[in-house]
Amino acid sequence: TLFRSKRLDGAARSLPDFYNEAINGLEVGPGTGSCGTAAYTGERVIVTDIMSHPYWTEFREVAEKAGVRACWSEPIFSSTNQILGTLAIYYRDPREPDQSDIEFIKTNAHLAGIAIEKKQVEEEIQRNYQIQTILSTLLRTSLMNISLEEQLQLILEDIISIPWLTLEKKGGIFIVEDDHEV
């Protein structure tokens, strides 16, 4: 489970869609199932029986419908010790982990953290490349021997084409001719 802005974003492919939909968007916090609690506290949460554990009070019905009875959740940390999400292991029967289970979830959460950070770095590199490309295009446009109006039109088209830039309609650009007679 990953979270952004303190909300859960379930990504459990092995669980039914209705289960993932039920947990998506839930606020991270104490008592919000195994993952929400682990993400909030930064500590491993072992729930050996979902049907009797207080962290699962609000989610027992959906867990029962999904056929899960135990859930162990390990926080996924970045290299700077920030929580990126949690790694959860579900079981169909009540179950307590042994030492090898603990090592397994701990190791895999660490590997998930490395993979998530790698993906984040790749996205940042791509974003920086896009910024560099747009700035280069804007510079070339500003050096073109065309009217200011044409330059602004080309620049606006370039800015609007930035895939990760969210624009809101809040105003406009007005071109004022440098004509003192008007």
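This passage walks through a predicted model of one protein chain, from its overall layout to a few individual residues.

Because the model is predicted, local features need pLDDT of at least 70 and side-chain atom pairs count only at pLDDT 80 or more, while totals for chains, interfaces and linings use all residues. Residues are numbered from 1 along each chain as its sequence is written, and side-chain values use heavy atoms, with hydrogens and water left out.

The overall layout comes first. The protein chain has 5 helices and 5 strands, where helices (H or I, at least four residues) and strands (E, at least two) are DSSP runs numbered from the N terminus. Read from the N terminus on, the elements follow the order β-β-α-α-β-α-β-β-α-α. Of the 182 residues in the protein chain, 32% are buried; buried means under 20% relative accessible area, exposed over 50%, and partly exposed in between (1.4 Å probe, protein chains only). Among contacts with a separation of 6 or more, 46% join residues 24 or more positions apart, a contact being heavy atoms within 4.5 Å.

Helix 2 (33–41) is a good place to begin a closer look. This helix is largely enclosed by the rest of the structure, because 7 of its 9 residues are buried. The buried residues in helix 2 are G33, S34, C35, G36, T37, A38 and A39. After helix 2 comes G42, which has a positive phi near 75 degrees.

S34 belongs to helix 2 and counts as buried because its relative accessibility is 1%. A polar atom of the S34 side chain lies 3.2 Å from the backbone oxygen of C71. Such a pair is a polar contact (N or O atoms within 3.5 Å; within protein, one must be able to donate a hydrogen and the other to accept it, and residues adjacent in sequence count only if both atoms are side-chain atoms). Leaving aside neighbours within four places in sequence, S34 is in contact with V45, V47, W56, C71 and S73.

The last of these partners, S73, sits in strand 4 (residues 70–77). With a relative accessible area of 0%, S73 is buried. Not counting residues up to four places away in sequence, S73 touches S34, C35, A38, E43, R44, V45, T86, L87, A88 and I105.

Just before helix 2, T32 lies in the loop that follows helix 1 (17–23). T32 is also buried, because its relative accessibility is 14%. Its side chain reaches the backbone oxygen of G29 at 3.2 Å. Apart from neighbours within four places in sequence, T32 is in contact with L8, L26, E27, T37, Y55 and F59. In the case of F59, the two residues are 27 residues apart in sequence, yet their C-alpha atoms are 8.4 Å apart in space.

An enclosed space comes next. Rolling a probe the size of a water molecule over the atoms shows where empty space is left. The structure holds 1 cavity of 30 Å³ or more, and the volume of the largest cavity is about 90 Å³. On a 1 Å grid over the protein atoms alone, a cavity is a set of points where a 1.4 Å probe fits but cannot get out, and lining residues have an atom within 4 Å of a point. Grid points are joined across faces, edges and corners, and a volume is the space filled by probe spheres set on the points.

The lining of the largest cavity consists of L8, Y19, I23, L26, T32, G33, S34, C35, G36, W56, F59 and Y90. Helix 1 and helix 2 are the elements that give two or more residues to this lining, and helix 2 provides the largest share, 4 residues. By class, the lining has 8 nonpolar, 4 polar and no charged residues, where Ala, Val, Leu, Ile, Met, Phe, Trp, Tyr, Cys and Pro count as nonpolar, Asp, Glu, Lys and Arg as charged, and the others, Gly among them, as polar.

Helix 4 (residues 99–142) has 44 residues and reaches 64 Å from its first C-alpha to its last. That is close to the 64 Å expected at 1.5 Å a residue, the expected span being 1.5 Å times one less than the number of residues. Its buried residues include D101, I102, I105 and L138. L135, also in helix 4, counts as exposed because its relative accessibility is 52%.

Notes: 1 Å grid on protein atoms, 1.4 Å probe; cavity = no way out; pocket = protein on both sides within 12 Å on 5 of 7 lines; lining within 4 Å.
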